[in-house]
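Here are some exercises to work through with the model open in your viewer. Try each task before you read its solution.

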Amino acid sequence: MINDLNELSFDTQVLHTPYAKPDAYNALSMPIYNTAAYEFETAEAMEAAFTGRSTHHTYSRITNPTVQYFEDRVCQITGALSVTALNSGMAAISNAFFCLAQQGSNIVTSKYLFGNTYSFFVSTMASYGVEVRFCDLTQPTLVEQLIDENTCAVFLEIITNPQLIVADIAALSAICKLKNVPLVADTTVVPFCAFRAKNFGVDIELVSSTKYISGGATSLGGLIVDYGTFNPLQLPKLKVLAQSFGNKAFMVKLRSEIHRNLGAYMTPQVAYMQTLGLETMSVRYQKATQNCLTLVHQLADVKQIQTVNYPILAQNKFFDVSANQFGLTAGAMFTFNLDSRQTCFSFLNKLKLIKRATNLFDNKTLAIHPASTIYGNFSDEVRNAMLISQQSIRISVGLEAVDDLYHDIIQALN
Ligand SMILES: *Cc1c(COP(=O)(O)O)cnc(C)c1O
C-alpha cells in the first residue's frame, strides 16, 4: 500500500485514489451503485446517519458511493477541502451562487461569459435581487473599485469563450484577499492537469465536467471544488455558519442545504463514465492541445483567414499571462475570422471531417459559428458588447491526426 499519495505525480494520483470503503468483491473498477436508498441495521444507526453524526449514505439525491468516489479523486488531485459533483456545469454554477448570494448581494464579473452563465446572472439571479456588476477583469484596479460590503464574489472564466481573454488570476486573488471576497473561477477550458487553481489563489473552482473530464462527450456533469481558503465570516449569507464551522461554512451550506434542495446531484452512471474520463484526461489534453498549437501556427499563414486567435501565439496580448498560468498551451480551442458571415457559413457547410456541433473538448474536432448559434437569440447590441463577431468560427480541437484536420480546413476554405 502507498503511504502518501500526495507525494506522487498527478497522473499517478488520479489513477490510484482508494475507495472510501473496501469493495466486497475487490472490484478494481468502482461499481456503479444504482440505488436510490440505503438500508440500516437499527433505528439508532438511521438516526445517526440522517442527523449527520455518521457518514453513511441515506439517499442518492444527497450522496452515492460511486459519485463520492469521483469526488474523492478530484479532491485528491486538486488538494481541495471538498468537492461536490452535480449533473451539469450549469448546476455547479447555480448551486455555488445560491450558497454565496442573497437578496442585496452583488457579483463582480466580466461581460465575456459563457452564454448560460450570463443569462443565469442577468435573468435568474437578478430576479432574486442579486446585482451583477460587469467590468474588465484584465484591469484589477477597476475590479477593486466595484467591490463593496455587499459583494459576495468576484467571478471569472479563466479563458473566456469564445473571446479568449485571459485575466491575471493571482492579481485578482490579491484584491479579493484584501477585500475579503471569494474569488470564484470557471476553469472548464483548462483542466486540473494543466492549471492548479489553488496555487493562483482561486477560492472556489467551478467546472463543466461535460468537457475535458467526461472523455469523449459521454455525459453532462459539473464540479464545485472548494479550497476552503476564503473567510466566510465576511459574507452575510455564510456568517452564522462560519461562527460554528469556520472555513467549512461554504461546504456545509452546500451539502446540507442548497444541493439537497435543488436536487441536481450527479448520477452514479455518469460518475462512473467521468471517473474513467478523469483517468485519461491528462494524455488527451496533451494531444488535443498539441494539435491545437500546430493548427494555429499552420493557419496563421493562410490567406483566406484574416486573424487566428489563441492565447499562445507570439503576437497575442495575453501570451505572457497565459503562459504563466497555463503553460505552453492554453486549452484546445481557438477561433479565426473570415471576411463575412456568409463565408463562415460556406466554410462550415464544406467541412467533411470536422463536425458542425456545439460543445467543447470532445475527442472529435468540432466547429461552430458562435454568433448565429450560442448567441443567436441575443440582440445585436448585447452580442457586440460581448465581442461576438459574425466573422468568427470557433474550433474545438480533438484527437485526430493533425494533418487530416488541417487538410479538411483548407479544402473547406477553398
Ligand atoms: C459548457 C460550459 C459551461 C456549462 O456546462 P454544462 O455542463 O453544459 O452545463 C459553463 N462554462 C463553460 C466555460 C463551459 O464551456
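**Exercise 1. Decide whether Leu 164 is buried or exposed, then look at its backbone.**

Step 1: set the cut-offs. Buried means under 20% relative accessible area, exposed means over 50%, and partly exposed is what lies in between, using a 1.4 Å probe and protein chains only.

Step 2: apply them. Leu 164 has a relative accessible area of 1%, so it counts as buried.

Step 3: place the residue. Leu 164 sits in the loop between E4 and H7. Those labels are DSSP runs numbered from the N terminus: helices are H or I with at least four residues, strands are E with at least two.

Step 4: check phi. For Leu 164 the angle is near 60 degrees, a positive value in a residue other than glycine.

Step 5: check the same loop for an unusual peptide bond. Pro 162 also lies between E4 and H7, and the bond from Asn 161 to Pro 162 is cis, with omega near 10 degrees.

A word on ground rules: this is a predicted model, where local features need pLDDT of at least 70 and side-chain atom pairs count only at pLDDT 80 or more, while totals for chains, interfaces and linings use all residues. Residues are numbered from 1 along each chain as its sequence is written, and side-chain values use heavy atoms, with hydrogens and water left out.

**Exercise 2. Work out the strand order of the seven-stranded open sheet and say which strands stand at its edges.**

Step 1: pair the strands. Two strands pair if DSSP finds at least two bridges between them.

Step 2: read off the order. The open sheet runs E1-E7-E6-E5-E4-E2-E3, with mixed pairing.

Step 3: find the edges. Strands E1 (82-86) and E3 (131-134) each have a single partner strand, so one side of each lacks a neighbour in the sheet.

Step 4: get the twist, which averages 20 degrees from one strand to the next.

Step 5: zoom in on one pair. E5 (residues 183-186) and E6 (residues 204-208) run parallel over three bridges, and Ala 185 has Glu 205 in E6 as its bridge partner.

Step 6: add the helices, taking contact as heavy atoms within 4.5 Å. H7 (residues 169-179) packs on the sheet, touching E4 (151-157) and E5, and its direction makes about 150 degrees with that of E5. H9 (residues 249-262) touches E1, E6 and E7 (222-226), at about 25 degrees to the direction of E1.

**Exercise 3. Describe how H4 and H9 pack.**

Step 1: pick the descriptors. Two packed helices are described by the angle between their axes and the distance between the axes. Axes are lines fitted to C-alpha atoms, for helices over the stretch in contact, and angles run from 0 to 180 degrees between N-to-C directions.

Step 2: fill in the values. H4 (residues 89-100) and H9 make an angle of about 120 degrees, with their axes 9 Å apart.

Step 3: classify. That makes H4 oblique to H9; under 35 degrees would count as roughly parallel, over 145 as roughly antiparallel and 65 to 115 as roughly perpendicular, with the rest oblique.

Step 4: list the residues that meet. On the H4 side they include Phe 98 and Leu 100, and on the H9 side Phe 250 and Leu 254 are among them.

**Exercise 4. Find which residues of H11 are buried and what they pack against.**

Step 1: list them. In H11 (residues 319-326) the buried residues are Val 321, Ser 322, Gln 325 and Phe 326.

Step 2: look down the axis. They cover an arc of only 100 degrees, which puts them on the same side of H11; the arc is that of the directions from the helix axis to the C-beta atoms.

Step 3: turn the helix round. Asp 320 and Asn 324 are exposed on the face turned away from the buried side.

Step 4: name the partner. The buried residues of H11 pack against H7.

Step 5: step past the end. Just after H11, Gly 327 takes a positive phi of about 85 degrees.

**Exercise 5. Which residues does Thr 289 touch, not counting those up to four places away in sequence?**

Step 1: locate Thr 289, which is in H10 (residues 268-299).

Step 2: check burial. Its relative accessible area is 2%, so Thr 289 is buried.

Step 3: collect the contacts. Thr 289 touches Thr 329, Gly 331 and Ala 332.
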